[in-house]
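Open the model in a viewer and keep the sequence panel visible. The stops below say what to select and what is found there.

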Amino acid sequence: MRQYRNLKIGSLIQEELSKLLIRDINFGDALVTILKVEVDEDLLHARVKLGIIPYEKGPEVFKEILKR
């Protein structure tokens, strides 16, 4: 039962982060998507996996995200 809870919370985090990225950050000519969110069993940490096209824009995208 707890695994489904983690999946649901991960899905909600992914949905809300997607909205924030679209609304608050302009990545220029890079396409950024959230591929997956993995939530730990204790619900204290989540790992977000991003897809960035083109790959070379990755460092710029991360700098822009960390500014926020």
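## Whole chain

Begin with everything selected: of the 68 residues in the chain, 22% count as buried. The model is a predicted one. Its C-alpha trace spans about 40 × 20 × 20 Å along the principal axes. Colour by secondary structure, and two helices and two strands appear; read from the N terminus on, the order of the elements is α-β-β-α.

With the surface switched on, the accessible area comes to about 5,600 Å², and carbon and sulfur atoms account for 58% of it. Colouring by charge picks out 12 positive and 11 negative side chains, with the centres of the two sets 3 Å apart. On a contact map, take the contacts between residues at least 6 apart in sequence: 41% of these join residues at least 24 apart.

## The hairpin

Select residues 31–39, strand E1, together with residues 46–53, strand E2. The two strands pair in the antiparallel sense, over eight bridges. Two pairs can serve as landmarks. Val32 has Ile52 in E2 as its bridge partner, and Glu38 stands opposite Arg47 in E2.

Next, go to the turn. E1 and E2 form a hairpin with six residues between them. Select Leu43, which lies in this loop between E1 and E2. What is the phi of Leu43? The angle is near 65 degrees, a positive value in a residue other than glycine. Most residues other than glycine have a negative phi. Leu43 is partly exposed, its relative accessible area being 28%.

## The nonpolar core

Which residues make up the largest nonpolar core? Select Leu21, Ile25, Phe27, Ala30, Val32, Ile34, Val37, Val39, Ile52 and Val61, ten residues in all. E1 gives the most to this core, with four residues.

Keep Ile34 from that set and show its surroundings. Leaving aside neighbours within four places in sequence, Ile34 is in contact with Gln14, Leu17, Ser18 and Leu21, and also with Val48, Lys49 and Leu50.

## Along helix H1

Select residues 2–24, helix H1, and pick out Gln14, which has its place there. Is Gln14 buried or partly exposed? Gln14 has a relative accessible area of 24%, and because buried means under 20%, this residue counts as partly exposed. Beyond neighbours within four places in sequence, the contacts of Gln14 are Ile34, Leu35, Lys36 and Val37. For a distance label, draw a line from the C-alpha of Gln14 to that of Lys57: the two residues are 43 apart in sequence and 21 Å apart in space.

Move to Ile9, also a residue of helix H1. Ile9 is partly exposed, at a relative accessible area of 27%. Apart from neighbours within four places in sequence, Ile9 is in contact with Val39 and with Leu43, the turn residue with the positive phi. A second distance label, from Ile9 to Val37, reads 8.9 Å between C-alpha atoms, for a separation of 28 residues in sequence.

## From E2 to helix H2

Leave the hairpin at the end of E2 and select Ile53 with Pro54. What kind of peptide bond joins Ile53 and Pro54? The bond is cis, with omega at about -5 degrees. Most peptide bonds are trans. Pro54 has its place in the loop between E2 and H2.

The last selection is residues 58–67, helix H2, where Glu64 lies. Is Glu64 buried or exposed? Glu64 has a relative accessible area of 17%; the limit for buried is under 20%, so Glu64 counts as buried. Show what surrounds this side chain: leaving aside neighbours within four places in sequence, Glu64 is in contact with Ile25, Asn26 and Phe27. Two of these names, Ile25 and Phe27, are already in the selection for the largest nonpolar core.

Conventions: Residues numbered from 1 in each chain as written. Predicted model: local features only at pLDDT ≥ 70, side-chain atom pairs only at ≥ 80, totals over all residues. Heavy atoms only, no water. Buried < 20%, exposed > 50% of the residue type's maximum accessible area, 1.4 Å probe, protein only. Contact = heavy atoms within 4.5 Å. Areas by Shrake-Rupley, 256 points an atom, 1.4 Å probe, with all protein chains shown as cover. Lys, Arg positive; Asp, Glu negative; His and termini not counted. Charge placed at Lys NZ, Arg CZ, Asp CG, Glu CD. Pairing = 2+ DSSP bridges. Core = buried A, V, L, I, M, F, W, Y, C linked by side-chain atoms within 4.5 Å.
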